[in-house]
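Colleague: I would like to know how the descriptive words for this model are justified. Please set each one against its definition.

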Amino acid sequence: RYEIYRRAVVLLPSNSFMIDQFGLALMAVGRHDLASLLFEGAVQRGMWGHVNQRPVSKYVPGLTAKPWHDPDDYPFLRTLENAYKDIRKEYFSARESNPEIFTEEAENLHKGGNWTELRLKSSGLGWLDENVKRFPRTAKTLKSIDQTFTSIKFSSILPGTHIRPHTGPTNERLRIHLTLEHSGGARIRVHDKWHSWPQGKAIIFDDSWEHEVLNEGDHERTVLILDIWHPELPEDKRIVH
C-alpha cells in the first residue's frame, strides 16, 4: 500500500486523496515525521486548512473549522434523543428478524472485531425505500425534523474493532452519532480529542478532520449516523453528489 500511494503522489502531486492516503500509509509504518511534512506541504499549497483536516474530495475554504461541535447549538438533536428508545427498538427488532440486511463495511477501514451498517438514506440516491419501510417510527421522526439529512445509516462495531485513522470526503458536512447501544469501552478520536458515546445522546463532529474509533469494551457500540450540511455553507452550494 505504501509503495502504491508513493508512486501515485509522484504522478498526481495535487490529488488530495492520494496525498492523504500516502500520509496515512507513512503513519502506518511509523514515519509520522514524513507524513507531517507531506501534510504541511499540502496546507501551504492551499489544498487544506490544517494538517489534520484533510477532506479527500472537496475542501471549501472559509467554513469554520472545528473538530467537535456543541450539540446544544443544534436544537433539533433533542427530537432525535427523545425518539431514541423507539429508534433503538426498531433497530434491534430488524437485526433479530432480518440480520442479512446488515452488511459489513466495505471500505477496508477497520481491523479486528466487526463493523456492520445499514443505510436508510444515501447521498445522491435519497431514501432507500426497501430499508426505510422496516423502520416506520424512525423514518417518521426523521422526516418530521426541519433539517436536511444528506445521508443516514445504522452503524455497529463489535469489541476488538479498530477503525483506523481516516478523513471524510468534504468539510461541507457535519456528522451526527445518536447512540443506540453503548455500555462503555468504546471511544472516538477527532483531531486530538477523544470522546465516548453517552447512551441515548447525540454527538456531532466534522469528519473531514482525522478521526478513528476503538472498541475496547465487552459489548457492541451501535449508533445512528446522520450527515447534515455545515451551517455556514451557502444554500446555493448545497449540492448532493
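Colleague: Which residue stands opposite L224 in β13?

Modeller: F154 stands opposite L224. This is a predicted model, where local features need pLDDT of at least 70, side-chain atom pairs count only at pLDDT 80 or more, and totals for chains, interfaces and linings use all residues. Residues are numbered from 1 along each chain as its sequence is written, and side-chain values use heavy atoms, with hydrogens and water left out.

Colleague: What makes β6 and β13 a pair?

Modeller: Two strands pair if DSSP finds at least two bridges between them; strands themselves are DSSP runs of E of at least two residues, and helices are runs of H or I of at least four, numbered from the N terminus. Strand β6 (residues 149–157) and β13 have 8 bridges in the antiparallel sense, so the pairing definition is met. Strand β8 (residues 173–181) also pairs with β13 over 8 bridges, again antiparallel, and there L174 stands opposite I228.

Colleague: Why is β13 called mostly covered?

Modeller: Buried means under 20% relative accessible area, exposed over 50%, and partly exposed in between, with a 1.4 Å probe and protein chains only. In β13 (residues 221–229), 9 of 9 residues are buried. R221, V223, I225, D227 and W229 point one way, while T222, L224, L226 and I228 point the other way.

Colleague: How do you know that α2 has the span expected of a helix?

Modeller: The expected span is 1.5 Å times one less than the number of residues. For the 13 residues of α2 (residues 16–28) that gives 18 Å, and the end C-alpha atoms are 18 Å apart, which agrees.

Colleague: Why is α2 called largely enclosed?

Modeller: Because 11 of its 13 residues are buried, the rest of the structure largely encloses α2. Among the buried residues are F22, L24 and L26.

Colleague: What makes N15 a cap of α2?

Modeller: A side-chain oxygen of N15 lies 3.1 Å from the backbone nitrogen of F17, at the N-terminal end of α2. A polar contact is a pair of N or O atoms within 3.5 Å; within protein, one must be able to donate a hydrogen and the other to accept it, and residues adjacent in sequence count only if both atoms are side-chain atoms.

Colleague: How do you know that the chain agrees with a compact globule?

Modeller: The radius of gyration is taken over C-alpha atoms, and the globule rule is 2.2 Å times the number of residues to the power 0.38. With 241 residues the rule gives a value near 18 Å; the protein chain has 18 Å, so the two agree.
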